[in-house]
Amino acid sequence: MNLVIVESPAKAKTINKYLGDEYKVLASYGHIRDLPSKNGSVDPEQDFKMEWEVDSFSKKYLKEITDAVKESSKIILATDPDREGEAIAWHVKEYLNEKKLLKDKEIERVVFNEITKKAVTHGIENPRQIEPLLVDAYMARRALDYLVGFNISPILWTKLPGSKSAGRVQSVALKLITEREHEIEAFIPKEYWSLNVKFKDKNNNIIISNIFKINSKKIEKFSFRNKNEINRAKDEIKSKKFNITDISTKIVNRNPLGPFTTSTLQQVSSGKLGFGASRTMQLAQKLYQGIEIEGETVGLITYMRTDGTNISEEAVSTFRKYIEDQHGKNYLPQNPLSYSGKKAKNAQEAHEAIRPTEISRTPSSIKKYLSTDQFKLYNLIWSRALASQMESAKFDRNTVTISSDDTKTICKATGSVIKFDGFLKIYKSENKDSEENILPQMTKGTVEIDDFIDEQHYTQPPPRYSEASLVKKLEELGIGRPSTYASIISVISTRGYAETINKRFHPTDRGKLITAFLEKLFTQYVDYNFTAKLEDQLDEITSGKIEWINVLDEFWKSFNNNVQSVKEKRT
């Protein structure tokens, strides 16, 4: 018998159906071992040797696995295709080795980027060995998180009683939230006014224009700072005669956006569907692992933890055929579109972006098999992926220029009319496409001032972070990775360091206190550049550029000195 080990029961169920009787598929239920939260789980004195412990939850599933191993000739480790998946495969193999169960057994590692019959069969036919560099990167990350948490947290408990703990990446995310709060508290609003002019032509057409120049002086956001300045501007404009001097039209293209990565999916799902990062990932996981459709369990989307921005050539050609068949040739760009603009920094870039496994499986055709939220998310992923291979939308952008007789005062009005919807037929992008301003048909000649529209405004403080904007900021800074965003966010909330009010993060007093404490006493370890550089080093371990022990060594020397000096300080 061949034993296949995956990490989740849902995935086990789907794969079982594809492989037939010679295979038995069991789930490890995630990680089977972890570092016990006690002193000495990682020993810097002995090359960061780690003591692993099987948790009580995993024991019963491991018994099932070890029993099955005894009866199997081949063990196939088929955990997820990323760093965590590689680590789980490594743990299972190590555990079975320690139990001396692998003698005379074949052991293979296989991965699939989607859970479809074709992908699973292809994976099984193309096994490889466990990637030691991916495991090294996992070890380094796990050891770092343990060393930071285990050394800073006890200091927090004694110096700031009631604090839960401090995580390596969570502390940096909390710092972002707290800094934003300080910016909001220190913000002083500035008053400014806007002024528009309503003109009427000889056919009584009305056009609302922005002022571009008054008396040769360009108008900026803060040109009018109060009502008096607005009144002076009105008097100045009223004293002149105006003509439409130019009407220009140009065609503007709007290009589709690329298919989703983990981070963009979390951001758009939050904005459009109101799902938090954790909710989005739970739903995506279910769509990836398989949904039962007419008695068959099918994985509906490709792997959902990815930085990759492109999709496979095979998928692109099925997308292109679908677009031509369903929407016609004019919706199909001449060549396939590519989105590999910014290169992701780590091994997870080998994955495709998130896309449906079968484009012909339209959201409406499988709606009855999905829960309401699953349908919403599948619809979003399906539309965005298909739209990414469609023709650009084309707009007629009209600009009417209205000048005073002395040409020193100029007003402009712009409007757009959609000429060809292109990809917008499938996916309304994040820009407000529907709110195009359409101008009436006008001809050159004299116009009268009909009215003025003036408005008072105040500058606004920067907004507090939502889950989506926090993920975006972490990604921009290069902190955390796709697989970690959701957990970073949930930890901040569950520890009581920030609370969510109207979907925005407000740091609690304790959160502010902890940030101030860490910034003062562990400055380097909550520094954005330092944390991002550490992430890069973890990625360089994956590509074999540096040794994981060296990364930990370099980190530990200065960090340990810092910890010792803080311990001696009085609160």
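The following questions and answers go through a predicted model of one protein chain.

Reader: What makes up the secondary structure of the protein chain, and how many residues are there?

Author: The chain has 571 residues, and its secondary structure comes to 17 helices and 19 strands. Along the principal axes, the C-alpha atoms fill a box of roughly 95 × 70 × 40 Å. Of the residues, 52% count as buried.

Reader: How do you know that contacts join residues at least 24 apart in sequence?

Author: Take the contacts between residues at least 6 apart in sequence. Of these, 76% join residues at least 24 apart.

Reader: Why is Tyr 192 called buried or exposed, whichever applies?

Author: The relative accessibility of Tyr 192 is 15%. Buried means under 20%, so Tyr 192 counts as buried.

Reader: And what is Phe 222 called, and why?

Author: Phe 222 has a relative accessibility of 32%. The class between 20% and 50% is partly exposed, so Phe 222 counts as partly exposed.

Reader: How many aromatic pairs are there, and why is the pair of Tyr 192 and Phe 222 given the name it has?

Author: The count comes to 18 aromatic pairs. In the pair of Tyr 192 and Phe 222, the ring centres lie 5.4 Å apart, and the limit for a pair is 6.5 Å. Their planes stand at 70 degrees, and over 60 counts as edge-to-face, so this pair is edge-to-face. The two residues belong to distant parts of the chain: Tyr 192 is in strand E9 (residues 191-200), while Phe 222 is in the loop between strand E11 (217-218) and helix H7 (227-238), 30 residues apart.

Reader: What makes Tyr 525 and Phe 559 an edge-to-face pair?

Author: The ring centres of Tyr 525 and Phe 559 are 4.9 Å apart, and the planes are at 80 degrees. Since over 60 degrees counts as edge-to-face, the name applies to this pair. Tyr 525 lies in the loop between helix H15 (509-521) and helix H16 (528-542), and Phe 559 lies in helix H17 (residues 548-567), so the pair ties together parts 34 residues apart in sequence.

Reader: How do you know whether Tyr 525 and Phe 559 are buried or exposed?

Author: The relative accessible area of Tyr 525 is 7%, and that of Phe 559 is 0%. Each value is under the 20% limit, so Tyr 525 and Phe 559 are buried. Tyr 525 and Phe 559 also belong to a cluster linked by ring pairs, together with Phe 522, Phe 530, Phe 555 and Trp 556.

Reader: How do you know that the span of helix H9 agrees with what is expected?

Author: Helix H9 (residues 277-289) has 13 residues, and at 1.5 Å a residue these should span 18 Å. The end C-alpha atoms of H9 are 18 Å apart, so the span agrees. Gly 290, just after H9, takes a positive phi of about 130 degrees.

Reader: Which residues of H9 are buried, and what covers them?

Author: The buried residues include Ala 277, Met 281, Leu 283, Leu 287 and Gln 289. Among the elements that cover the buried residues of H9 are helix H1 (9-19), helix H8 (262-273) and helix H12 (372-387).

Reader: How does the span of H8 compare with what is expected, and why?

Author: The twelve residues of H8 should span 16 Å at 1.5 Å a residue, and the end C-alpha atoms are 15 Å apart, which agrees. The buried residues of H8, including Leu 265 and Val 268, pack against H9, H12, H13 and H14. Gly 274 follows H8 and has a positive phi, near 75 degrees.

Reader: What is noted about the phi of Lys 100, and why is Lys 100 called buried or exposed?

Author: Lys 100 has a positive phi of about 55 degrees although it is not a glycine. Lys 100 lies in the loop between helix H3 (83-98) and strand E8 (106-109). At 71% relative accessibility, over the 50% limit, Lys 100 counts as exposed.

Reader: Where is Thr 14, and why is Thr 14 called buried or exposed?

Author: Thr 14 is in helix H1. Its relative accessible area is 0%, which is under 20%, so Thr 14 is buried. Leaving aside neighbours within four places in sequence, Thr 14 is in contact with Ile 115, Gln 289, Gly 290 and Thr 297.

Notes:
Residues numbered from 1 in each chain as written. Predicted model: local features only at pLDDT ≥ 70, side-chain atom pairs only at ≥ 80, totals over all residues. Heavy atoms only, no water. Helix = DSSP H or I, 4+ residues; strand = E, 2+ residues; numbered from the N terminus. Expected span 1.5 Å × (residues − 1). Buried < 20%, exposed > 50% of the residue type's maximum accessible area, 1.4 Å probe, protein only. Contact = heavy atoms within 4.5 Å. Phe/Tyr/Trp six-rings, centres within 6.5 Å; stacked < 30°, edge-to-face > 60°.
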